[in-house]
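Thanks for making room on the agenda. I have one model to show, and I will keep to a few parts of it.

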Amino acid sequence: MQALVVPDPSAQTMEQLQWQERPMPNLGPTEVLIKTQAVGLNPVDFKLVAAGNAAWQYPHTLGLDTAGIVEAVGAEVTNFRPGERVCGHANLANNGTFAEYVSLPAAVLAKIPTTVSFEAAAASLCAGLTAYQALLRKANLNAAQTVLIHAGAGGVGSMAIQLAKAAGKTVFTTVSKAKQAFVAPLHPDAQIDYHHEDVTTRIQDLTQQHGVDLIINTIGHADADLPRLAYNGQLVCVLATPDHFPSNQVVTISKLDLGGAHRSGNPAQVADLGKMTAALLALVQAGKVDPLITQVLHRDQLVTGLQQLQAGQVVGKLVVTFDACLSKNEDTKNAAQGRP
């Protein structure tokens, strides 16, 4: 089968990625073999190219999100069968999803509703699950009415806005002026142009100087969010938490690591990835959440999509389809660079 790989530890740039012929994945007793139909692209994908992972063996197949058709199931799998449409979020320490076939634990998978496309399912995973976990696992929404979501035009931010609005919350978001038109249809209650406005001052003005009840921080620099929190406020950090816990504020600070469930060694945490995926897909099916796919690429253009993400040129989600096989004679360097 064909897979997009980091060929060796010295390959740390997009241009060094290669499409290679790789062995079919081994199928463990609790795993499901999936024929890939679509994959979602995420910033962590290009970051891993540069950073690598100590657990990798080379060549290493990239990719975290996949949607496809069950090809086979392990001996202990009873809840999936060949021919079903499924999707799931993979373990970054293992060979990934940018391949014609991928094997994933059955626990992390969810069946794709009949009215949801492979592309929409693939686009809903990493970013959507991060937003879902932040709002519906880490945060206490019963204690929050106002929510600040950073980077509202990004994959996580745009999904988080929709989930928070669906929960009936007042939502503010930080968005550059150039991307505000993209975010406007999500109906945030205010967009803050962080390039030209003081975010803290604007939040205080919007909340009658009380601060917001909940902040979803997807951008880092979490210390800057502490003055924006209300009494009993909550801060959920996708990246680093604040360097110092404030002694003069009554706040809750949470750290989120979606893929950490795979590394936890806790089967319940791994299974929760599948539960969250099923719940999120139900919201997509009901029209309450849209993964906001802005571009669908063919797999020959996968690296081009990663380069666009790396350059900050993307709003919403990029999806890559696997609807045709690469020719074995095709130039792998050209394919890796997204050229036909």
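I will take a sheet and the helix on it, then a histidine, then a strand near the start of the chain.

Before anything else, please keep in mind that this is a predicted model.

Let us begin with the sheet. It is open and has six strands, in the order 11-10-9-12-13-14, and the pairing is parallel. Which strands stand at the edges? They are strand 11, residues 190-192, and strand 14, residues 251-255. Each of these has a single partner strand, so one side of each is left without a neighbour in the sheet. On average, and ignoring direction, neighbouring strands here are turned by 15 degrees against each other.

At the strand 14 edge, the partner is strand 13, residues 229-237, and the two are joined in the parallel sense by five bridges. To find your place on the screen, look for Gly233, whose bridge partner in strand 14 is Val251. Helix 3, residues 126-138, packs on this sheet and touches strand 12, strand 13 and strand 14. The direction of helix 3 makes about 145 degrees with that of strand 12, which covers residues 212-217.

Next, the histidine. His262 is part of helix 7, residues 260-263. Is His262 buried or exposed? Its relative accessibility is 16%, and the cut-off for buried is under 20%, so His262 counts as buried. What does His262 touch, leaving aside neighbours within four places in sequence? The contacts are His89, Ala90, Asn91, Val108, Val270 and Leu273. With Ala90 there is also a polar approach: a polar atom of the His262 side chain lies 3.4 Å from the backbone oxygen of Ala90.

Last, strand 1, residues 2-6. Five of its five residues are buried, so strand 1 is largely enclosed by the rest of the structure. In a regular strand, side chains alternate between the two faces of the sheet. In strand 1, one side carries Gln2, Leu4 and Val6, the other carries Ala3 and Val5, and both faces are covered.

As for partners, strand 1 pairs with strand 2, residues 18-21, in the antiparallel sense over four bridges. Within that pairing, Val5 has Gln18 as its bridge partner. Strand 1 also runs antiparallel to strand 4, residues 60-61, and two bridges join them. There, the bridge partner of Val6 is His60.

That is what I had. I will leave the model on the screen for discussion.

How values were computed. Residues numbered from 1 in each chain as written. Predicted model: local features only at pLDDT ≥ 70, side-chain atom pairs only at ≥ 80, totals over all residues. Heavy atoms only, no water. Pairing = 2+ DSSP bridges. Axes fitted to C-alpha atoms, helices over the stretch in contact; angles between N-to-C directions. Contact = heavy atoms within 4.5 Å. Buried < 20%, exposed > 50% of the residue type's maximum accessible area, 1.4 Å probe, protein only. Polar contact = N/O pair within 3.5 Å; in protein donor to acceptor, adjacent residues only side chain to side chain.
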